[in-house]
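User: I'm just starting out with protein structures and would love a close look at one part of this one. Could you take me through the place where two helices pack together, and then show me what lies around it?

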Amino acid sequence: MPPSEAQKRASNKYNLEHNATLGCKGRKEEAEAFKAYCADRGKTTNAALKEYVLSCIASEAPQSREDQ
């Protein structure tokens with residue numbers, strides 16, 4: 001059963017409040033090569049980019065007192 005209009009509105013409201021879109025521009029050839037790279041690894045381009053972003057910010061996170 002497809003989502004109701006109320007469910008769609010609630011989902012859109014949540015996404016606007018809690019999510020942001022990250023993006024970049026590149027040459028079409030590079031974009032196609034990246035899509036193929038991701039497909040070869042069984043990932044979507046969004047999943048690969050999100051994984052990279054999270055790894056970047058995790059490496060910049062301050063160390064806890066236990067790590068020092």
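Analyst: Sure! Let's begin at one end of the second helix and work our way in. Keep in mind that this is a predicted model.

Find Glu29 and Arg27. Both of these residues are exposed, and they pair up in a salt bridge whose closest N and O atoms are 3.5 Å apart. Arg27 itself sits in the loop between α1 and α2. Its relative accessibility is 57%, and because the cut-off for exposed is over 50%, Arg27 counts as exposed. Want a feel for how far things spread out from here? Arg27 and Pro62 are 35 residues apart in sequence, and their C-alpha atoms are 35 Å apart in space.

Now step into helix α2, which covers residues 28-40. Here you'll find another salt bridge, this time between Lys35 and Glu32, with 3.7 Å between the closest N and O atoms. Both residues belong to α2 and are three residues apart, about one turn of the helix. How open are they to the outside? Lys35 has 45% relative accessibility, so it counts as partly exposed. Glu32, at 48%, is partly exposed too.

Next comes the packing you asked about. Two packed helices are described by the angle between their axes and the distance between the axes. For α2 and helix α3 (residues 45-59), the axes come within 9 Å and cross at roughly 85 degrees. That makes α2 roughly perpendicular to α3. Which residues do the touching? On the α2 side they are Phe34, Lys35 and Cys38, and on the α3 side they are Thr45, Ala48 and Leu49. Sort these contact residues by character and you get four nonpolar, one polar and one charged.

Let's zoom in on Phe34, one of the α2 residues in that contact. Phe34 lies in helix α2. If you ignore its neighbours within four places in sequence, Phe34 is in contact with Thr45, Ala48 and Leu49. Is Phe34 buried or partly exposed? Its relative accessible area is 29%, so Phe34 is partly exposed. For a sense of distance in another direction, look at Asn15: Phe34 and Asn15 are 19 residues apart in sequence and 26 Å apart in space, going from C-alpha to C-alpha.

Cys38, another member of the contact from α2, gives a nice contrast. Cys38 is buried, with a relative accessible area of 2%. You might spot a cysteine and wonder about a disulfide. A disulfide is a covalent bond between the sulfur atoms of two cysteines. How many does this structure have? It holds zero disulfides. For Cys38, the nearest cysteine sulfur belongs to Cys24 and is 11 Å away. Since a disulfide needs the two sulfur atoms within 2.5 Å, Cys38 is in no disulfide. Cys56 isn't in one either, and the nearest cysteine sulfur to it, again that of Cys24, is 12 Å away. Cys56 counts as partly exposed, at 30% relative accessibility.

There's one more salt bridge to see, so look for Glu51 and Lys43. Their side chains meet with 2.8 Å from N to O. Both partners are partly exposed: Glu51 has a relative accessible area of 46%, while Lys43 has 35%. In total, the structure holds four salt bridges, and the ones we have visited include Glu29 with Arg27, Lys35 with Glu32 and Glu51 with Lys43.

To finish, let's head back along the chain to what comes before α2. Helix α1 spans residues 5-18, and His18 is found in it. His18 is partly exposed, with a relative accessible area of 48%. His18 and Glu5 are 13 residues apart in sequence, and the distance between their C-alpha atoms is 20 Å. In the loop between α1 and α2 you'll also find Ala20. Ala20 has 71% relative accessibility, so it counts as exposed. Finally, Ala20 and Tyr52 are 32 residues apart along the chain, with their C-alpha atoms separated by 16 Å.

Technical notes:
Residues numbered from 1 in each chain as written. Predicted model: local features only at pLDDT ≥ 70, side-chain atom pairs only at ≥ 80, totals over all residues. Heavy atoms only, no water. Buried < 20%, exposed > 50% of the residue type's maximum accessible area, 1.4 Å probe, protein only. Helix = DSSP H or I, 4+ residues; strand = E, 2+ residues; numbered from the N terminus. Axes fitted to C-alpha atoms, helices over the stretch in contact; angles between N-to-C directions. Parallel < 35°, antiparallel > 145°, perpendicular 65-115°, else oblique. Contact = heavy atoms within 4.5 Å. Nonpolar A, V, L, I, M, F, W, Y, C, P; charged D, E, K, R; others polar.
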